[in-house]
Amino acid sequence: MSITRRQFALAASAAACLPAWAQGQEYPDKTITVTVGFAAGGGVDFIVRSLAQGMGQRLGQTMVVDNRPGASASIACSYVAKSRPDGYNLLGTDGGSLALNGALYSKLPYDPVKDFAPISLVMRHPILIVAHPDFPVSDLKGLLDHARRSPEGISYASPGLGTYHHLGMELLKRRTGLKATPVPYKGAAPAMQDVMAGHVEVAPIDTIPALPQIAAGKLKALAVLDSRRMTQLPDVPTAAELGIEGVEVLPWVGMLAPRGTPADIVERLSQEVRTVAATPEVSKHFAERGLQTLTTTPVEFAAILQQEIARWHPLIRELGIRLDL
């Protein structure tokens, strides 16, 4: 059967539109971009960059990080969700943008579950409850007693409404009857600064910014919202040790691809994330900052995301938090 010139042209045009993997070219054959919805130098950016160089070396291509901060990472998530699903546009983001934003905003420009192919979790970290060194309590039990004795309870500096930090403290209030009023800030840095200045009594803070200030004696840690103590702070008890169950709060970072990315590419990327994250260099970088390396298969990551949504969305709705009002 003969092929007309028009048929040949149409076939060639269709082939040109196919991704490289479908045309028989080996993946990857060009630069891979990981979009991060936060500013350069921040925690998520640090974590993604810690992996990008090693992954690029193993894949034989440059892996670059593209920072697109804003709107609680919605700008970056939306951009990647609409990107070509060929393995060259990835997303490095936190749990807030995937597990929390769906309840915090009445409408998102992306679907946290339907628009992405999970690759792997990368890490998680516990939240520390910290106070000024002169604050007259030294642990969580003391904080609860102090709040009970105060007619108005205590105030705490929240890095932002609807963050894991804010939700963790609200969860603690429900488990213990703690009287505490949030004072919202735009980020962990200003919240922590006001605690160090003595303007606010306590704050739930990430390990990355908190550990150096604790080591310098500018803050003291009262508790770890995790099921186990931190190696860097062996004398700081967990809430569970006081019999307070269900308040483990572990913000996390993961890597994803647009939905429709071929399964073999997703699986290869997942394997590379797990391999690079387990190297001594990256593991040390994470551990020094109180981060826990936690990598998963794509299926495991998808299941964890669903669990996180089921855990936090009811609390967000109960608190009546909406960030787009």
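This briefing covers helix α11, the aromatic contacts and the salt bridges of the structure above. The model is predicted. It holds four aromatic pairs, and a search of the whole structure finds twelve salt bridges. Helix α11 (residues 298-319) contributes Trp-312 to one aromatic pair and Phe-301 to another.

**Helix α11**

- Helix α11 has 22 residues. From its first C-alpha to its last it reaches 32 Å, close to the 32 Å expected at 1.5 Å a residue.
- The helix bends by about 25° at Trp-312. A proline, Pro-314, follows within four residues.
- Buried residues of α11 include Pro-298, Phe-301, Leu-305 and Glu-308. Ile-309, Trp-312, His-313, Leu-315 and Ile-316 are buried as well.
- The cover over these buried residues includes helices α4 (95-104), α6 and α9 (263-277). Strands β4 (116-124) and β10 also take part in that cover.
- Gly-320 follows α11, and its phi is positive, near 70°.

**Aromatic pairs**

- The structure holds four aromatic pairs, two of which are described here.
- Tyr-164 and Trp-312 pair edge-to-face, with 5.7 Å centre to centre and 90° between the planes. The pair links distant parts of the chain: Tyr-164 lies in helix α6 (residues 164-176), Trp-312 in α11, and they are 148 residues apart.
- Tyr-164 counts as buried because its relative accessibility is 5%, under the 20% limit. Trp-312 is also buried, at 1% relative accessibility.
- Trp-252 and Phe-301 form another edge-to-face pair, again 5.7 Å centre to centre, with 85° between the planes. This pair also links distant parts of the chain: Trp-252 is in strand β10 (residues 252-258), Phe-301 is in α11, and 49 residues separate them.
- Both Trp-252 and Phe-301 are buried.

**Charges over rings**

- Lys-30 lies over the face of Tyr-88, at 4.8 Å from the ring centre.
- Arg-68 lies over the face of Tyr-79, at 3.7 Å from the ring centre.

**Salt bridges**

- Side chains of opposite charge can pair when their charged atoms come close.
- Arg-68, which sits over Tyr-79, also meets Asp-66 in a salt bridge (2.7 Å, N to O). Asp-66 is partly exposed, with a relative accessible area of 23%. Arg-68 counts as partly exposed too, at 29% relative accessibility.
- Lys-141 and Asp-145 form a salt bridge (3.2 Å, N to O). Both lie in helix α5 (residues 140-149), four residues apart, about one turn of the helix.
- Lys-141 is partly exposed at 48% relative accessibility. Asp-145 is partly exposed with a relative accessible area of 24%.
- Asp-145 also forms a salt bridge with Arg-148, the closest N and O atoms being 3.0 Å apart. Asp-145 and Arg-148 are separated by about one helical turn, because they are three residues apart in α5.
- Glu-170, Lys-173, Arg-174 and Glu-318 are joined into one network by salt bridges that share partners.

Definitions and conventions:
Residues numbered from 1 in each chain as written. Predicted model: local features only at pLDDT ≥ 70, side-chain atom pairs only at ≥ 80, totals over all residues. Heavy atoms only, no water. Phe/Tyr/Trp six-rings, centres within 6.5 Å; stacked < 30°, edge-to-face > 60°. Helix = DSSP H or I, 4+ residues; strand = E, 2+ residues; numbered from the N terminus. Buried < 20%, exposed > 50% of the residue type's maximum accessible area, 1.4 Å probe, protein only. Lys NZ or Arg CZ within 6 Å of the ring centre and 35° of its normal. Salt bridge = Lys/Arg side-chain N within 4 Å of Asp/Glu carboxyl O. Expected span 1.5 Å × (residues − 1). Bend = angle between axes of the 7 residues up to and from the residue. Contact = heavy atoms within 4.5 Å.
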